Amino acid sequence: MGPGLDLHVREALAMFADELSAHRYLERMLWPDGVRCPRCDSARVGKLNGASTRLGTYKCYGCRKAFSLLHGTVMSSSHVPAHKWLQAIYLTDCGTRPVRPCHLQQILDVSYKTACSMLRRIGEAAASLSPASTTTASGIANDEMEMARQALLANFQARTLPKQHGGAPDVRA
């Protein structure tokens, strides 16, 4: 990690040292009352632990669809591991503290382009939150946790719902 980081920041970043700890943290943040299907809200879900299955993949036995822990979050469709995303979210105070991409690049050991993309996504997620919750980012730890939870949950339900196929209206007579 960077030489300019204090001990508190190093300890916080060590919480997300590997993918497994990051996924456990995300599970507690997204589903405090247990895993639920984002499509049908069923609690009858199972974790897929196959050799070829990605970490954080679940299957709903109500609607028979698979879903991922990261789907619908700022981390979806990204090649960057979840633990690096969580470290970036922590370093930027959930998008409220400005961080230069070159500093994020050095701390997280990612490319400059990846750091820029991560900062852009985190900033967009922070901007989508209500203004009242973003002003309390430097307040009590519970407020920070709630804000992080809101940032992770942003668009989670909307992106995982089945898409309605529009198209031209039926004009048959």
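In the predicted model, Tyr58 is buried, its relative accessible area of 4% falling under the 20% cut-off. Phe67 is likewise assigned to the buried class, because its relative accessible area is 5%, again under 20%. Trp31 is buried together with Tyr58.

These residues also take part in ring–ring contacts. A search of the whole structure returns 3 aromatic pairs. In one of them, the ring centres of Trp31 and Tyr58 are separated by 5.7 Å and the ring planes meet at 80°, so the arrangement is edge-to-face, the criterion being an angle over 60 degrees. This pair links distant parts of the chain: Trp31 lies in the loop between H2 and strand E1 (45–47), whereas Tyr58 belongs to strand E2 (residues 57–60), and the two are 27 residues apart. Tyr58 additionally pairs with Phe67 in a stacked geometry, with a centre-to-centre distance of 5.6 Å and an angle of 20° between the planes. Trp31, Tyr58 and Phe67 thereby constitute one aromatic cluster.

The largest nonpolar core comprises 33 residues, and those with the most contacts inside it are Leu26, Met75, Trp85, Leu86, Leu104 and Leu108. At least two residues of this core come from each of H2, E2, helix H3 (82–91), helix H4 (101–108) and helix H5 (112–128). The highest contribution is that of H3, which gives 6 residues.

Helix H2 was examined for its length and burial. For the 12 residues of H2 (residues 19–30), a rise of 1.5 Å a residue predicts a span of 16 Å, and the C-alpha atoms at the two ends are 16 Å apart, so the expected and computed values agree. The buried residues of H2 are Ala22, His23, Tyr25, Leu26, Glu27, Met29 and Leu30. In general, an α-helix has 3.6 residues a turn, so residues three or four places apart point the same way. Among the buried residues of H2, Leu26 is also one of those with the most contacts inside the largest nonpolar core.

The pocket analysis concerned the second largest pocket, which holds about 290 Å³ of space. Its lining is made up of 16 residues, and those nearest the centre of the pocket are Arg54, Leu55, Ser68, Leu70 and Ser78. Classified by residue type, the lining contains 6 nonpolar, 8 polar and 2 charged residues.

Terms used. Residues are numbered from 1 along each chain as its sequence is written. This is a predicted model: local features need pLDDT of at least 70, side-chain atom pairs count only at pLDDT 80 or more; totals for chains, interfaces and linings use all residues. Side-chain values use heavy atoms; hydrogens and water are left out. On a 1 Å grid over the protein atoms alone, a cavity is a set of points where a 1.4 Å probe fits but cannot get out, and a pocket is an open set with protein on both sides within 12 Å along at least five of seven lines; lining residues have an atom within 4 Å of a point. Grid points are joined across faces, edges and corners, and a volume is the space filled by probe spheres set on the points. Ala, Val, Leu, Ile, Met, Phe, Trp, Tyr, Cys and Pro count as nonpolar, Asp, Glu, Lys and Arg as charged, and the others, Gly among them, as polar. Helices (H or I, at least four residues) and strands (E, at least two) are DSSP runs, numbered from the N terminus. The expected span of a helix is 1.5 Å times one less than its number of residues. Buried means under 20% relative accessible area, exposed over 50%, partly exposed in between (1.4 Å probe, protein chains only). Rings of Phe, Tyr and Trp (its six-membered ring) pair if their centres lie within 6.5 Å; planes under 30 degrees apart count as stacked, over 60 as edge-to-face and the rest as tilted. A nonpolar core is a set of buried Ala, Val, Leu, Ile, Met, Phe, Trp, Tyr and Cys residues joined through side-chain atoms within 4.5 Å.
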